[in-house]
Amino acid sequence: MYLHLGKETIIQQRDIIGIFDLDHCTVSAKTRDFLAQAQKNGQIINVSEELPKSFVLCRERDGMKIYICQLSPMTLLKRIGDEMI
């Protein structure tokens, strides 16, 4: 199954490690440091045309990718749930 994140970006659900709310997660300094390091390593892909609401952590063959998304985590989870029916 696949999940559409926006900007014509589709990922495989089996590669998703986690879906996180940007407002709540970036309160932690550790999360901010993690995202900053991922940005330096070129692991972040912005698929948001508006204010980002979530990030999706995915495994890749060569490591990981983080997709910054304008959809809320709840919307993404609903999309996953709809595809499982």
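In the predicted model, Ile44 stands opposite Ile66 of strand β6, and Leu57 likewise stands opposite Ile66 in β6. These two residue pairs belong to two strand pairings that involve β6. Strand β4, comprising residues 44-46, runs parallel to strand β6, comprising residues 63-69, and the two are joined by three bridges. Strands β5 and β6, by contrast, pair in the antiparallel sense, over seven bridges, and the connection from β5 to β6 is a hairpin that passes through two residues.

These strands form part of a chain whose secondary structure amounts to three helices and six strands. Read from the N terminus, the elements follow the order β-β-β-α-α-β-β-β-α. With regard to overall dimensions, the C-alpha atoms occupy a box of roughly 40 × 30 × 20 Å along the principal axes. The radius of gyration of the chain is 12 Å, which agrees with the value near 12 Å that a compact globule of 85 residues would have. Of the 85 residues in the chain, 34% are buried, and the chain exposes about 5700 Å², of which carbon and sulfur atoms supply 53%. When contacts between residues at least 6 apart in sequence are considered, 49% of them join residues at least 24 apart.

A search for aromatic pairs across the whole structure returns one. This pair is formed by Phe20 and Phe55, whose rings are stacked, with a centre-to-centre distance of 4.9 Å and an angle of 20° between the planes; the stacked assignment follows because planes under 30 degrees apart are counted in that class. The pair links distant parts of the chain, since Phe20 lies in strand β3 (residues 16-21) and Phe55 in strand β5 (residues 54-60), with the two positions 35 residues apart in sequence. The two partners fall into separate accessibility classes: Phe20 has a relative accessibility of 28% and therefore counts as partly exposed, whereas Phe55 has a relative accessible area of 3% and is therefore buried.

Phe55 also takes part in the surroundings of helix α2, through Thr31. Thr31 is located in helix α2, which spans residues 29-40, and its relative accessibility of 18% places this residue among the buried ones, because the buried class covers values under 20%. Once neighbours within four places in sequence are set aside, Thr31 is in contact with Cys25 and Phe55. Towards Cys25 there is, in addition, an approach of polar atoms, in which the side chain of Thr31 reaches the backbone oxygen of Cys25 at 3.3 Å.

The following residue, Arg32, is likewise found in helix α2, but its relative accessible area of 41% makes Arg32 partly exposed. With neighbours within four places in sequence left aside, the contacts of Arg32 are with Thr26 and Val27. In relation to a more remote part of the chain, Arg32 and Gly81 are separated by 49 residues in sequence and by 29 Å in space, as taken from C-alpha to C-alpha.

The backbone of the N-terminal region shows positive phi values at two residues that are not glycine. Lys7, situated in the loop between β1 (2-6) and β2 (9-12), has a phi near 50°, a positive value in a residue other than glycine. Glu8, which lies in the loop between β1 and β2 as well, has a positive phi of about 60° although this residue is not a glycine either. In terms of accessibility, Lys7 counts as partly exposed at 44%, while Glu8, with a relative accessible area of 79%, is exposed, since the exposed class covers values over 50%.

Beyond this loop, Thr9 is found in strand β2, where its relative accessibility of 16% means that Thr9 counts as buried. Apart from residues up to four places away in sequence, Thr9 touches Leu3, His4, Val47 and Tyr67. Of these partners, Tyr67 falls within the residue range of strand β6, and Leu3 and His4 fall within that of β1.

Note on methods. Residues are numbered from 1 along each chain as its sequence is written. This is a predicted model: local features need pLDDT of at least 70, side-chain atom pairs count only at pLDDT 80 or more; totals for chains, interfaces and linings use all residues. Side-chain values use heavy atoms; hydrogens and water are left out. Helices (H or I, at least four residues) and strands (E, at least two) are DSSP runs, numbered from the N terminus. Buried means under 20% relative accessible area, exposed over 50%, partly exposed in between (1.4 Å probe, protein chains only). A polar contact is a pair of N or O atoms within 3.5 Å; within protein, one must be able to donate a hydrogen and the other to accept it, and residues adjacent in sequence count only if both atoms are side-chain atoms. Contact means heavy atoms within 4.5 Å. Rings of Phe, Tyr and Trp (its six-membered ring) pair if their centres lie within 6.5 Å; planes under 30 degrees apart count as stacked, over 60 as edge-to-face and the rest as tilted. The radius of gyration is taken over C-alpha atoms; the globule rule is 2.2 Å times the number of residues to the power 0.38. Accessible areas come from the Shrake-Rupley method with a 1.4 Å probe; for residues, only the protein chains shown count as cover. Two strands pair if DSSP finds at least two bridges between them.
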